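These are my notebook entries on a single chain. I looked up aromatic pairs, nonpolar cores and helix packing, in that order.

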Amino acid sequence: MANVEESSPFLPSQKSDSNNEMKPTKPSSSNSGKIPAPSAAAEPVKPASSAVSMGWTAEGLPMGHSVGTAVVGEPIMRRAQWESSLCSCFGKNDEFASSDFEVCLLGTLAPCVLYGSNAERIGSSPGSFTNHCLPYTGLFLIGQSFFGWNCMAPCFSYPNRTAIRQRFNLEGNCEAVTSSCGCHGGFVEDEERREHCESTCDFLTHIFCHPCALCQEGRELRRRLPHPGFNAKPVRFMMPPGDQTMGR
C-alpha cells in the first residue's frame, strides 16, 4: 500500500499532487464491468497566510507590536536586581562580608583606589588600575581645593556604573521607581528613552551619593567578576634531571 504524504502549504509540488488526486479516475479496461468505488475527496489545500501568529510578550502584547519607536519582537526579559542596595554600607552577611567591609573603608577613605579597582575589574584587563586611579585623584583634588567637596570626580566615574548595569542587565534607578509606583508604560518599553533616563540617573547617583555608589558597584563586581590578575595563565617550570649514574 502506497504511503500518503501529508500536504503542506509551503510545498508547491504537494499542492499539484493534491490537485491531481481531486480529478476523477477513469475506469480501466480490465475492470470495465465493475463499478469503480468512489475515491475519497482530498481536502483542499489552504493558502498560507501572510501573517504568522507569533505569540504574546510578557506584558500581554502581541509579538511584533510596536510601542512608540521601539519594536517588541521578543519577550521582555525582566532585569536582575543588584546584589546589595545603595545604602547597604557594610554589605551582606555572607562569604563576601570581609570584602564588603574593605570596600566600605576604601569608599570612605580612598575612593580613588576603589574606583580604580572597579574599573580594572569591569575592563578585565590587568594594568588599567593606574590609568583610572590617577585621573580620578586629580579631579578629586581639584574639587576639594576649589569647591570644597568632591564634585568633579563623579562626572568622570559615572560611566562605570552605566557599564556595570548594561553588562549584567541590572535594573536602573528610574525603572525601579516606576515599577514601585505601578507605572509600566511609556519609556520602560522604549529602549532608547529608557537608556537616556537611566544614564541621567547614574550621573545623579554619583553626584549626590558618590561614596555609596562606588561601594555598591564594588560589592557587585566582587561577587560577579574575579580580579583580572587571577586570570593569568600558570607558568610551568621544568627542572633539569639530576646526576645520573650508569648501573652495572
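How many aromatic pairs does a search of the whole structure find? I note beforehand that the model is a predicted one. The search returned 4 aromatic pairs, and I looked up two of them.

**Entry 1. Phe 90 and Phe 101**

I found that Phe 90 and Phe 101 form a stacked pair, with 6.4 Å from centre to centre and 15° between the planes. I located Phe 90 in the loop between β2 (70-71) and α2, and Phe 101 in helix α2. The two are 11 residues apart, and the pair links distant parts of the chain. I then checked accessibility. Phe 90 has a relative accessible area of 57%, so I entered this residue as exposed. Phe 101 has a value of 44% and is therefore partly exposed.

**Entry 2. Tyr 115 and Tyr 136**

I recorded Tyr 115 and Tyr 136 as a stacked aromatic pair at 5.3 Å centre to centre, with 25° between the planes. Because Tyr 115 lies in helix α3 and Tyr 136 in helix α4, the pair ties together parts that are 21 residues apart in sequence. Are these two tyrosines, Tyr 115 and Tyr 136, buried or exposed? I found both Tyr 115 and Tyr 136 buried. Together with Phe 156, Tyr 115 and Tyr 136 form one aromatic cluster.

**Entry 3. Nonpolar cores**

Which residues make up the largest nonpolar core? I listed 10 residues in all: Val 103, Leu 106, Cys 112, Leu 114, Tyr 115, Cys 133, Tyr 136, Ala 153, Leu 214 and Cys 215. I noted that α2 (97-109), α3 (111-123), α4 (129-146) and α8 (210-224) each supply at least two residues of this core. Helix α3 gives the most, with 3 residues.

I followed one core member, Cys 215, further. Setting aside neighbours within four places in sequence, I found Cys 215 in contact with Val 103, Cys 104, Gly 107 and Leu 114.

I also recorded a second, separate core of 7 residues, among them Trp 82, Ile 122, Ile 164 and Leu 170.

**Entry 4. Helix α6 against helix α7**

I looked up how α6 (residues 173-181) and α7 (residues 191-208) pack, and found an angle of about 105° with the axes 7 Å apart. I therefore entered α6 as roughly perpendicular to α7. On the α6 side the contact is made by Asn 173, Cys 174 and Glu 175, and on the α7 side by Arg 194, Cys 197, Glu 198, Cys 201 and Thr 205. I sorted the residues of this contact into 3 nonpolar, 2 polar and 3 charged.

**Entry 5. Helix α7 against helix α8**

For α7 and α8 I noted a packing angle of about 115° and axes 5 Å apart. Here Thr 205, His 206 and Phe 208 of α7 meet His 210, Ala 213, Leu 214 and Glu 217 of α8. I sorted the residues of this contact into 3 nonpolar, 3 polar and 1 charged.

**Entry 6. Pro 226**

Where does Pro 226 lie? I placed Pro 226 in the segment after α8. With a relative accessible area of 46%, Pro 226 is entered as partly exposed. I compared its position with that of Ile 122: Pro 226 and Ile 122 are 104 residues apart in sequence and 9.7 Å apart in space, C-alpha to C-alpha. Ile 122 is one of the residues I had listed for the second core.

Technical notes
Residues numbered from 1 in each chain as written. Predicted model: local features only at pLDDT ≥ 70, side-chain atom pairs only at ≥ 80, totals over all residues. Heavy atoms only, no water. Axes fitted to C-alpha atoms, helices over the stretch in contact; angles between N-to-C directions. Helix = DSSP H or I, 4+ residues; strand = E, 2+ residues; numbered from the N terminus. Parallel < 35°, antiparallel > 145°, perpendicular 65-115°, else oblique. Contact = heavy atoms within 4.5 Å. Nonpolar A, V, L, I, M, F, W, Y, C, P; charged D, E, K, R; others polar. Core = buried A, V, L, I, M, F, W, Y, C linked by side-chain atoms within 4.5 Å. Buried < 20%, exposed > 50% of the residue type's maximum accessible area, 1.4 Å probe, protein only. Phe/Tyr/Trp six-rings, centres within 6.5 Å; stacked < 30°, edge-to-face > 60°.
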